[in-house]
Each structure stands twice: as C-alpha cells, then as structure tokens.
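Trainee: Could we go through this one together, a question at a time? I have the sequence and the structure open.

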Amino acid sequence: MRISSAFRSAPRNGRPRQTLTLPIKLAGLAPGEEAAVTVAAVDIGILNITGFKTPVPKDYFFGQRKLPIEIRDLYGLLIDGMEGAAGAIHTGGDGSGGVEGNLPTQEPLALYSGVVRVDANGEAKVSFDLPAFNGSCEIMAAAWSKTKVAAPRPR
C-alpha cells in the first residue's frame, strides 16, 4: 500500500481562518480491505526547534534496531528507608533559556486529524480549520490496514 500522490491535488497555500481540505488516496489496497489514515499539520518552526523527524512507519516496523541495554540497580534496596532523607529536586530559573531575538507573537500551529477511515476506493478527505497563522507547515500522514503500512516519504 502507498499513499499515491495524496497531497499533489491539495492546495499549495492555505489562507488563515479558512478550511484546508486534503484529499487522501491509498493505492495497493485489496478489494474490501479496511484501512485508516492519520494526518498532522505542524508549524515548520516547531519541527526545526525540536528536531522532530517525520515518522516513516515502514522504517519503524521493518527497520534495523539496536540491541536494548537494561540496567539493574539494586543499590536502593540496601538503604534503610526509615532513616534516609529524600533528596530535593530543584528545577526552573528566571532566565530566558538562551533564546535570542524576537519571540513568536502568534500561536504555534499543530493540528491532528485523528483516525480517519478510508472508503472502499481507498479515498478520504481530511479537513483542518486553520487559525490566524502566517507561516509554513509540514503535512505528515500515516496509513495502515491489517497487514500494510504506508506514508509519503519526507522531503
């Protein structure tokens, strides 16, 4: 299954305070196969700051993984809890966190469609009500059925 040119027919630009409708088309589904899709629209500034990478389900499920490492710590069992004092955790501060320049004046854009079922033709429409936002966002999608996963390749 693949999301075939799902966003090519989508508008290149969206206008603030309007509805953005994205057509989804899944190719490679067997007749009668049930599938679903999720779509997210996220401000590129948020993605750049956080270093978020667009999810690729195929790599997650079928990619090579490192061997996990577990640490077993029994030292806490050696200390008598009746006489030990709990440590205090200190967080925060009053600094700006190293942020320089002008801080954003608008709300960040992070929209999520939830799970959307596709019809018998493998098609669905996802709509987002855009807020008063002036910037760029990345559209991310992931689709799945009982035996398949798909997502458009990240740019």
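Trainee: Is Arg 17 buried or exposed?
Mentor: Good place to begin, and keep in mind that the model is predicted. Arg 17 is found in the loop between strand E1 (2-3) and strand E2 (19-27). The cut-off for exposed is over 50% relative accessible area. Arg 17 has a relative accessibility of 69%, so the residue counts as exposed.

Trainee: What is the phi of Arg 17?
Mentor: Most residues other than glycine have a negative phi. Arg 17 is not a glycine, yet its phi is positive, at about 60°.

Trainee: Which pattern of helices and strands does the protein chain follow?
Mentor: Start with the inventory: the protein chain has two helices and eight strands. Read along the sequence, they give the pattern β-β-β-α-α-β-β-β-β-β.

Trainee: How many residues of strand E3 are buried?
Mentor: Strand E3 covers residues 35-43. In a regular strand the side chains alternate between the two faces of the sheet, so it helps to take each face in turn. On one side of E3, Ala 35, Val 37, Val 39, Ala 41 and Asp 43 are all buried, and on the other side so are Ala 36, Thr 38, Ala 40 and Val 42. For the strand, the count of buried residues is nine of nine.

Trainee: What percentage of the protein chain do buried residues make up?
Mentor: To count as buried, a residue needs under 20% relative accessible area. Of the 155 residues in the protein chain, the buried ones make up 25%.

Trainee: Over how many bridges do E3 and strand E7 pair?
Mentor: Strand E7 takes in residues 137-145, and E3 pairs with E7 in the antiparallel sense. As a landmark, look for Val 39, which stands opposite Ala 141 in E7. The number of bridges between E3 and E7 is nine.

Trainee: Which residue in strand E4 stands opposite Ala 40?
Mentor: E4 (residues 110-112) runs antiparallel to E3, and three bridges join them. The partner of Ala 40 in E4 is Tyr 112.

Trainee: And which residue in strand E5 stands opposite Ala 36?
Mentor: E5 is made of residues 116-117, and E3 pairs with E5 in the antiparallel sense over two bridges. Opposite Ala 36 you will find Arg 117.

Trainee: Which residues form a nonpolar patch with Tyr 60 on the surface?
Mentor: Find Tyr 60 in helix H2 (residues 57-62). Tyr 60 has a relative accessible area of 54%, so this residue is exposed. The patch has about 420 Å² of accessible area together, and the partners of Tyr 60 in it are Phe 61 and Phe 62.

Trainee: Why is the pair of rings of Tyr 60 and Phe 61 edge-to-face?
Mentor: Rings pair if their centres lie within 6.5 Å, and planes over 60 degrees apart count as edge-to-face. By this rule the count comes to one aromatic pair. The ring centres of Tyr 60 and Phe 61 are 5.1 Å apart, and the pair is edge-to-face because the planes are at 85°.

Trainee: Which residue has its charged end over the ring of Tyr 60?
Mentor: A charge sits over a ring if CZ of Arg is within 6 Å of the ring centre and within 35 degrees of the ring normal. Here the charged end is 4.9 Å from the centre of the Tyr 60 ring, and it belongs to Arg 65.

Key
Residues numbered from 1 in each chain as written. Predicted model: local features only at pLDDT ≥ 70, side-chain atom pairs only at ≥ 80, totals over all residues. Heavy atoms only, no water. Patch = residues over 30% accessible without salt bridge, like charges linked within 9 Å, V, L, I, M, F, W, Y side chains within 5 Å. Areas by Shrake-Rupley, 256 points an atom, 1.4 Å probe, with all protein chains shown as cover. Salt bridge = Lys/Arg side-chain N within 4 Å of Asp/Glu carboxyl O. Helix = DSSP H or I, 4+ residues; strand = E, 2+ residues; numbered from the N terminus. Buried < 20%, exposed > 50% of the residue type's maximum accessible area, 1.4 Å probe, protein only. Pairing = 2+ DSSP bridges. Phe/Tyr/Trp six-rings, centres within 6.5 Å; stacked < 30°, edge-to-face > 60°.
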